[in-house]
Amino acid sequence: MAYESLAQVYDKIMREDINYADWAEYTSELLQKSGINKGKILDLGCGTGGITLEMSRLGWQMSGVDISAEMLKEAAKKFTKENAAIKLYRQDIAELKLDECFDGAMATFDTFNYLCDRAMLVKALKNVRHSLKIGGILVFDYNTRFKLADILGDNTYSYYSDETVYIWENEYNPNTQICKIQLTFFLRRENGLYERRTETHRQRAYSLTQWKNILKESGFTFLHAYDQLSNEEIHQESFE
């Protein structure tokens, strides 16, 4: 899975529920709250670079890394249009190896949920830690077990516009705690016809206790866990 079809419509779909500027403001506040007031930030799983660009506008020296060439292509077009000096790397974060160090790193929109193998997740986080300066901060979100099991669960969602139609079918396995997401896209072409494409995504749910153990094993010191875009503690029905 590398977002081959999703890359073309990702921003349009995300904007239905997500405001990149709000997420950037919140992430920036968390970094500053943790003692990082300026410097170089690495956006892990940066995708089309929507939040990366907003962080750059807030004065951070941004770089982005993603496994998908298609997503990075969209990001590069966006940065060029805005004349934003943002470095992009195509790498799997589980195999992350960069020649520079960062003051902080961030991962938004469930990046780490896609690492369904716990050992692979630990490996990725260790790589991230090695990419940070001493005292560097990692800020990330994750889809909770409540969201993957009870909200997505075995439900089907759909999105319609003149340009795009997609069907989002979910299947949650309580034994593996993995949610299988089958995406079917109908992308409108210049001739007015729609091209059908499919992608399969998988996300694993990790509890807060598991996250604390994983972070400790990866060499990080756990600081805080907040409910989505707030300073409130996470609760049983937190989405992220």
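Which residue in β5 does Met106 stand opposite? I would like to start there and work outwards, bearing in mind throughout that what we are looking at is a predicted model. Met106 stands opposite Val139 in β5, and that pair belongs to a set of 5 bridges that join β4 to β5, two strands that run parallel. Between them the chain leaves β4, passes through α5 and arrives at β5, and this β-α-β crossover is right-handed.

Let me now place those two strands in their sheet. It is an open sheet of 5 strands in the order β3-β2-β1-β4-β5, with parallel pairing. Its edge strands are β3 and β5, the latter covering 132-140, and each of these pairs on one side only. From one strand to the next, the twist averages 20°. Against this sheet packs helix α2, residues 20-33, which touches β1, β4 and β5, and whose direction makes about 145° with that of β5.

If we move inwards from β5, we come to β4, which is mostly covered, with 6 of its 6 residues buried. On its other pairing, β4 meets β1 in the parallel sense over 3 bridges, and here the bridge partner of Ile41 is Gly104 in β4. Strand β1, residues 40-44, is in turn joined to β2 by 5 bridges, again running parallel, and in that pairing Leu44 stands opposite Val65 in β2.

Leu44 also leads us to a loop residue that I find worth a pause. Thr108 lies in the loop between β4 and α5; is it buried or exposed? Thr108 counts as buried because its relative accessibility is 7%, where the cut-off for buried is under 20%. Leaving aside neighbours within four places in sequence, the contacts of Thr108 are Trp23, Thr27, Leu44, Ile51 and Asp141.

At the other end of the sheet, β2, residues 61-66, and β3, residues 87-90, run parallel and are joined by 4 bridges, with Arg90 in β3 as the bridge partner of Asp66. The chain gets from β2 to β3 through helix α4, residues 69-82, in a β-α-β crossover that is right-handed here too.

Helix α4 deserves a closer look. Its 14 residues reach 20 Å from the first C-alpha to the last, close to the 20 Å expected at 1.5 Å a residue. Which residues of α4 are buried? They are Met71, Leu72, Ala75, Lys78 and Phe79, and because they cover an arc of only 120° around the axis, they sit on the same side of α4. As a reminder, an α-helix has 3.6 residues a turn, so residues three or four places apart point the same way. The face of α4 turned away from that buried side carries the exposed residues Lys73, Thr80 and Lys81. Just after the helix, Asn83 takes a positive phi of about 55°.

Finally, there is an open sheet of 4 strands, in the order β6-β7-β8-β9, with antiparallel pairing. The edge strands are β6, at 156-160, and β9, at 194-204, each pairing on one side only, and the twist averages 15° from one strand to the next. Strand β8, residues 178-188, pairs with β9 in the antiparallel sense over 11 bridges, where Arg196 in β9 is the bridge partner of Phe186. Helix α6, residues 145-152, packs on this sheet and touches β6, β7, β8 and β9, its direction making about 110° with that of β7.

Key
Residues numbered from 1 in each chain as written. Predicted model: local features only at pLDDT ≥ 70, side-chain atom pairs only at ≥ 80, totals over all residues. Heavy atoms only, no water. Pairing = 2+ DSSP bridges. Right-handed = clockwise from strand over helix to strand, strands pointing away. Expected span 1.5 Å × (residues − 1). Buried < 20%, exposed > 50% of the residue type's maximum accessible area, 1.4 Å probe, protein only. Arc of directions from axis to C-beta. Axes fitted to C-alpha atoms, helices over the stretch in contact; angles between N-to-C directions. Contact = heavy atoms within 4.5 Å.
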